[in-house]
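Have a look at the sequence and the 3D view below, and turn the model around a few times. Then we'll walk through it together, one piece at a time.

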Amino acid sequence: MTWHKVAGVKTLEQAKSASAKVGDHIVYLAKRDGKLYAMDGVCSHAKCILDDIDEKTLKTKCRFHGAEFDITNGTMLVPPSIAPDMDKSKFGLKTFPVRENGMFVEVDVD
Ligand code: FES
């Protein structure tokens, strides 16, 4: 297990969500009600970078074709509009352990 610094705690609190590059991964981060979430930040449909989140539901919607993911567990909630029959159960995104350590948010992508 290797922790990587990906954001400042205050920066993430102000932004509500953020993307960070960790090695070969792009990780999408969010914080709500004091809890941190980290999920693969690349859409499983056509590899668009995810960067938009509904702060109340913690759902992120891909800007390309509208697929929706739950950042708390990586589940694909809504398939892409151009592939409505896509098997959502096969296209969820990986989530990662995430923590605060002092002034920084850290993620383990290993
Ligand atoms: S690239 Fe995300 S829904 Fe198509």
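## Starting at a glycine

Gly74 sits in the loop that links strand E7 (68-70) to strand E8 (76-78). Strands here are DSSP runs of E with at least two residues, helices are runs of H or I with at least four, and both are numbered from the N terminus. Residue numbers start from 1 along each chain as its sequence is written. Keep in mind that this is a predicted model: local features need pLDDT of at least 70, side-chain atom pairs count only at pLDDT 80 or more, and totals for chains, interfaces and linings use all residues.

Is Gly74 buried or exposed? Gly74 is partly exposed, because 18 other C-beta atoms lie within 10 Å. For the cut-offs, buried takes 20 or more other C-beta atoms within 10 Å of a residue's own, exposed takes 12 or fewer, and partly exposed is in between, with C-beta atoms placed from the backbone.

What does Gly74 touch, leaving out residues up to four places away in sequence? The list is Met39, Asp40, Phe69, Gly92, Leu93, Lys94 and Thr95. Touching means contact here: the C-beta atoms of the two residues, placed from the backbone, lie within 7 Å. Phe91 is 17 residues from Gly74 in sequence, and their C-alpha atoms are 9.0 Å apart in space.

## The whole protein

Zooming out, the protein has one helix and ten strands. Read from the N terminus, the order is β-α-β-β-β-β-β-β-β-β-β. The radius of gyration is 13 Å, close to the 13 Å of the globule rule for 110 residues, so the protein is as compact as a globular protein of that length. That radius is taken over C-alpha atoms, and the rule is 2.2 Å times the number of residues to the power 0.38.

Along the principal axes, the C-alpha atoms fill a box of roughly 45 × 30 × 20 Å. Of the 110 residues, 30% count as buried. Take the contacts between residues at least 6 apart in sequence: 39% of them join residues at least 24 apart.

## Two open sheets

One open sheet has three strands in the order E2-E3-E4, paired antiparallel. Its edge strands, each pairing on one side only, are E2 (17-22) and E4 (35-40). Two strands count as paired if DSSP finds at least two bridges between them. Strand E3 (residues 25-32) is joined to E4 by six bridges, and Tyr28 stands opposite Met39 in E4.

The other three-stranded open sheet we'll look at runs E1-E10-E9, again with antiparallel pairing. Here E1 and E9 (98-101) are the edge strands. E1 pairs with E10 over four bridges, and E9 pairs with E10 over four bridges too. These are some of the partners:

| Residue | Partner in E10 |
|---|---|
| His4 | Val107 |
| Ala7 | Val105 |
| Glu100 | Val105 |
| Asn101 | Phe104 |

The hairpin of E9 and E10 has two residues between its strands, and Gly102 there takes a positive phi near 65°.

Which side chains of E10 point to which face? They alternate: Val105 and Val107 point to one face and are buried, while Phe104 and Glu106 point to the other and are not.

## The nonpolar core

In soluble globular proteins, nonpolar side chains tend to be buried together. In this protein, the largest nonpolar core has 26 residues, and those with the most contacts inside it are Val27, Leu29, Tyr37, Ala38 and Ile71. Such a core is a set of buried Ala, Val, Leu, Ile, Met, Phe, Trp, Tyr and Cys residues joined through C-beta atoms within 7 Å. The elements giving two or more residues to this core are E1 (4-8), E3, E4 and E10 (104-107). E3 gives the most, with four residues.

Tyr37 is a good one to click on. Leaving out residues up to four places away in sequence, Tyr37 touches Leu29, Ala30, Leu58, Ile71, Thr72 and Val98.
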